[in-house]
Amino acid sequence: MEELLFDEKTIQERFEDFFDVADQFCLDYNKGQEIQVEIDPSLLYLAVVAIYDDVARYKAYHLKNPVKQKSNPVKRAAYAVKWLMHFSPLTFPQMGHISGQSGPENGDTLANAMFALHFAMINLRVHTGVNFSLKRETQFELIYDLLYRGLTTDALILLFDILCDLASTGSVDAVIEL
């Protein structure tokens, strides 16, 4: 029988890591706000399971020793964005979840897009070893794209690869030949 890439204990540890990042994001997001965003732990857990299912598939098909080798952090960031947007684990209970009337008009989708991008950027910074950030306008454009355009995982991987190349070299020469 093939060894599991991510057993229940590992998934639980990843969930706890995600929860810690989400909790800090919510604390920062909620400062000075009357209506507070909260984490739905069951939706976050589903997102983590889906992310690591994608990571396991990537490792099984693309790495020679998937049990021992680490996955590509750019792909992990893209998978995280995909599944955080899909499951939307951040909620505004006061704006509809208690009444069953939640939806994009209640701000959940925007908060989740912001969180997904935040989480991806943390991973890309760790990967590059460079504490870089996107310009505010670029962040807004990317969040808009996450909300209203069909950004695929492959498009996110390409975008994140380019961002990492630019951050690592500090130059557009990393992706553009003049």
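The following questions and answers deal with charges and burial in a predicted model.

User: What makes E13 and K9 a salt bridge?

Analyst: The closest N and O atoms of E13 and K9 are 2.9 Å apart. A salt bridge requires a side-chain nitrogen of Lys or Arg within 4 Å of a carboxyl oxygen of Asp or Glu, so the pair qualifies.

User: How far apart are E13 and K9 along helix 1?

Analyst: They are 4 residues apart, which means about one helical turn separates them.

User: Why is K9 called exposed, and E13 partly exposed?

Analyst: Exposed means over 50% relative accessible area, and partly exposed lies between 20% and 50%. K9 has 58%, so K9 counts as exposed. E13 has 32%, so E13 is partly exposed.

User: How do you know whether D145 is buried or exposed?

Analyst: Its relative accessible area is 18%. Buried means under 20%, so D145 is buried. Its salt-bridge partner R149, with an N to O distance of 2.4 Å, has 51% and is therefore exposed.

User: Which residues are joined by salt bridges that share partners?

Analyst: D54, R57 and K82 form one such network.

User: What makes E16, D17, D20 and D23 a negative patch?

Analyst: Asp and Glu count as negative, and like charges are joined within 9 Å when their residues have over 30% relative accessible area and no salt bridge. One of the four, D17, lies in helix 1 (residues 8-30). D17 has a relative accessible area of 46%, so D17 passes the 30% cut-off.

User: How much of the protein chain is buried?

Analyst: Buried residues are 39% of its 178 residues.

Methods: Residues numbered from 1 in each chain as written. Predicted model: local features only at pLDDT ≥ 70, side-chain atom pairs only at ≥ 80, totals over all residues. Heavy atoms only, no water. Helix = DSSP H or I, 4+ residues; strand = E, 2+ residues; numbered from the N terminus. Buried < 20%, exposed > 50% of the residue type's maximum accessible area, 1.4 Å probe, protein only.
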